[in-house]
Amino acid sequence: MSLRPFIFTLAFILVFTAGVSLTGCIINVNAAGMPDLDHQQRELTLDSQDLQGLIAETGAGSLEIIGVEGLTQIKLVADIYSNKDGNDDSKVILTLEKKANKAKLKADFEQSGFNNYSPYIDLKLQVPANLALDIDDGSGAILISKMAADINVKDGSGELIINGGNNVSIDDGSGDIEVSQINGNLTIDDGSGAIKVTDIRGNIAIDDGSGNIEVANVQSPVTITDGSGDINVFNTKGLTILAAGSGDVKFNKIDGPVSME
């Protein structure tokens, strides 16, 4: 397959919100037999010294958030993939602004329809490690690491990995979930997909529709409600299984009461 020449377009509209800086470029990429694509990369920053949390509303695309101790800014790099056809009614929505004592990120498209494919935005953020996260995501993989604050995630579909955090709450439609190194409590409400949880200090409550569940090295009690799939629990301070559905149940080294209903 031959590629048409890359066309570099340096002009695009920059929208500034108070306290936010933004840079970017556009690269048009055409390949034989493929829809015309625009790849825009934009960078935004926001002063975070007086902020307590980040609210993120994101559509299709991957989301990566890394906590950095002592960081005084939120730094965002967004890779935007959309139709380059000027007749397309799509419009990129990408904002990062301060709302009271929280930062609000919005990344999505205004659209009435697309030709042959769906656009998406891949996001990479560096944030202060002590910043609470409240995420509402449409689809795509999510990776959150090195955070020390509370994390709340509502996710439609896609893999979800969280390594580090305080109290963590997950409401997930579909996709595998991995959570580790959590200092507080963990709550998971999941539709489908495998769940793997390790190294948790607080209580764990899992309500799962389908998919295997693995839980290990928990310093507090674990409660599980499961529709279908195997359950494997190792080294916890108690275990309650309210429903096991279909699938094997195995547990070992439970230092506390065990209850199966």
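This short talk covers the salt bridges and the aromatic pairing in the structure above. Keep in mind that this is a predicted model.

Salt bridges to begin with. How many does the structure hold? Three.

Take glutamate 57 and lysine 104. Their side chains meet in a salt bridge, at 3.7 Å from N to O. Where do the partners sit? Glutamate 57 is in strand β4, which runs over residues 53-60. Lysine 104 is in strand β8, residues 102-110. The two are 47 residues apart in sequence, so the bridge ties together separate parts of the chain. Now, buried or exposed? Neither extreme. Glutamate 57 has a relative accessible area of 30%, so we call it partly exposed. Lysine 104 comes out at 29%, also partly exposed.

Next pair: glutamate 97 and lysine 99. These side chains form a salt bridge too, with N to O at 3.9 Å. The cut-off is 4 Å, so this pair counts. Glutamate 97 has 22% relative accessibility and is partly exposed. The buried class means under 20%, so glutamate 97 falls outside it. Lysine 99 is partly exposed as well, at 46%. Exposed would take over 50%, so lysine 99 stays in the middle class.

On to lysine 237 and aspartate 255. Here the closest N and O atoms are 3.0 Å apart. Both partners are in loops. Lysine 237 sits between β21 (231-236) and β22 (239-243). Aspartate 255 sits between β23 (249-254) and β24 (258-260). That is a separation of 18 residues, and the pair links distant parts of the chain. Lysine 237 is partly exposed, with a relative accessibility of 39%.

Now the rings. The count is one aromatic pair. Which residues make it? Tyrosine 81 and tyrosine 120. Their ring centres lie 4.7 Å apart, and the planes meet at 20°. Stacked means planes under 30 degrees apart, so this pair is stacked.

Where are these tyrosines in the fold? Tyrosine 81 belongs to strand β6, residues 73-83. Tyrosine 120 belongs to strand β9, residues 120-128. They are 39 residues apart in sequence, so the stacked pair also ties together parts of the chain. As for accessibility, tyrosine 81 is partly exposed at 21%. Tyrosine 120 is partly exposed at 32%.

To recap: three salt bridges and one aromatic pair. Two strand-to-strand contacts are worth finding on the screen. One is glutamate 57 in β4 with lysine 104 in β8. The other is tyrosine 81 in β6 with tyrosine 120 in β9.

Conventions:
Residues are numbered from 1 along each chain as its sequence is written. This is a predicted model: local features need pLDDT of at least 70, side-chain atom pairs count only at pLDDT 80 or more; totals for chains, interfaces and linings use all residues. Side-chain values use heavy atoms; hydrogens and water are left out. Helices (H or I, at least four residues) and strands (E, at least two) are DSSP runs, numbered from the N terminus. Buried means under 20% relative accessible area, exposed over 50%, partly exposed in between (1.4 Å probe, protein chains only). Rings of Phe, Tyr and Trp (its six-membered ring) pair if their centres lie within 6.5 Å; planes under 30 degrees apart count as stacked, over 60 as edge-to-face and the rest as tilted.
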